Amino acid sequence: MVAPEETMKETPLWRFALRLWRDKRVERVCLRLQDEHGVPVAVLLTALWLSEAKRRPDPALGRRLLACAEQFEADYLRPLRAVRRRAADGQGTVELKRQIQEAELEGERLLLEQLSRQAQSQPGGQTVSALSWLFVVVPEAGQCESLQAALEELAALSENPAMSE
């Protein structure tokens with residue numbers, strides 16, 4: 001998910017996502033949530049951004065964000081990810097993998113742009129924990145200990161940034 005910012009269209013959410021993604025611990029937790037629990041990384045990053053922007057948690061908005069991200073993932077990002085992973089296993093497919101990664105990254109950027117548009121009218125002005133927003137976009141966390149623990153770890157990392165490993 002890391003690319004030169006100058007080549008991407010800049011939105012506040014995109015800049016936030018790039019900054020947060022530089023922390024390898026955040027990257028690992030997000031990818032674990034994606035791979036083990038099917039949670040779209042873009043919705044996790046959006047929830048953290050909304051928290052940092054002091055936007056009030058809203059379950060209806062959380063459901064819309066999650067639905068949008070899940071549909072975009074199913075239609076575009078998961079198929080690209082599957083092809084990229086197959087290309088990584090192939091002989092002589094380094095360039096193909098790189099091009100697919102670029103397309104996947106652009107897809108992530110477009111998804112974050114859509115999520116940002118949906119969230120921009122959310123009222124703000126109050127301090128909100130990152131975990132509050134994460135539980136709004138992943139409401140089933142209360143039913144799964146490992147999911148809840150990963151969300152708690154991600155919230156702590158986002159609220160207490162440290163140097164990347």
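Relative accessible area sorts residues into three classes: buried means under 20%, exposed means over 50%, and partly exposed covers what lies in between (1.4 Å probe, protein chains only). The structure is a predicted model, in which local features need pLDDT of at least 70 and side-chain atom pairs count only at pLDDT 80 or more, while totals for chains, interfaces and linings use all residues. Residues are numbered from 1 along each chain as its sequence is written, and side-chain values use heavy atoms, with hydrogens and water left out.

Salt bridges make a good starting point. With a salt bridge taken as a side-chain nitrogen of Lys or Arg within 4 Å of a carboxyl oxygen of Asp or Glu, the count comes to 15. Two of the bridges fall within helix α5, which spans residues 94-119; helices here are DSSP runs (H or I, at least four residues), as are strands (E, at least two), numbered from the N terminus. Glu-102 and Arg-98 meet through their side chains at 2.1 Å, N to O. These partners sit four residues apart in α5, about one turn of the helix. Both ends are partly exposed, Glu-102 having a relative accessible area of 45% and Arg-98 one of 35%. Further along α5, Arg-117 bridges to Glu-113, with 3.4 Å between the closest N and O atoms. Here too the partners are four residues apart, so about one helical turn separates Arg-117 from Glu-113. Arg-117 is partly exposed at 48% relative accessibility, and Glu-113 falls in the partly exposed class at 22%. Elsewhere, salt bridges that share partners link Glu-73, Arg-81, Arg-84, Glu-104 and Glu-108 into one network.

Another bridge joins Arg-15 to Glu-10, whose closest N and O atoms are 3.7 Å apart. Arg-15 is partly exposed at 42% relative accessibility, and Glu-10 is partly exposed at 35%.

Aromatic contacts can be summarised briefly. Rings of Phe, Tyr and Trp (its six-membered ring) are paired if their centres lie within 6.5 Å, with planes under 30 degrees apart counted as stacked, over 60 as edge-to-face and the rest as tilted. One aromatic pair results. Phe-72 and Tyr-76 form this tilted pair, at 4.9 Å centre to centre and with 50 degrees between the planes. Both rings belong to helix α4, where the two residues are four positions apart, about one turn of the helix. Phe-72 is buried, at 10% relative accessible area, whereas Tyr-76 is partly exposed at 47%.

The loop between α4 (59-89) and α5 contains Thr-93, a residue that counts as buried at 17% relative accessibility. The Thr-93 side chain comes to 2.2 Å from the backbone oxygen of Ala-87, a polar contact (N or O atoms within 3.5 Å; within protein, one able to donate a hydrogen and the other to accept it, residues adjacent in sequence counting only if both atoms are side-chain atoms). Leaving aside residues up to four places away in sequence, Thr-93 touches Ala-87 and Ala-88, contact meaning heavy atoms within 4.5 Å.

Finally, the cysteines. The model holds zero disulfides, a disulfide being a pair of cysteine sulfur atoms within 2.5 Å. The sulfur of Cys-68 lies 17 Å from the closest cysteine sulfur, that of Cys-30, and is therefore too far away for a bond. Cys-144 is likewise in no disulfide, with the nearest cysteine sulfur, in Cys-30, 16 Å away. Cys-68 is buried at 14% relative accessibility, while Cys-144 is partly exposed at 26%.
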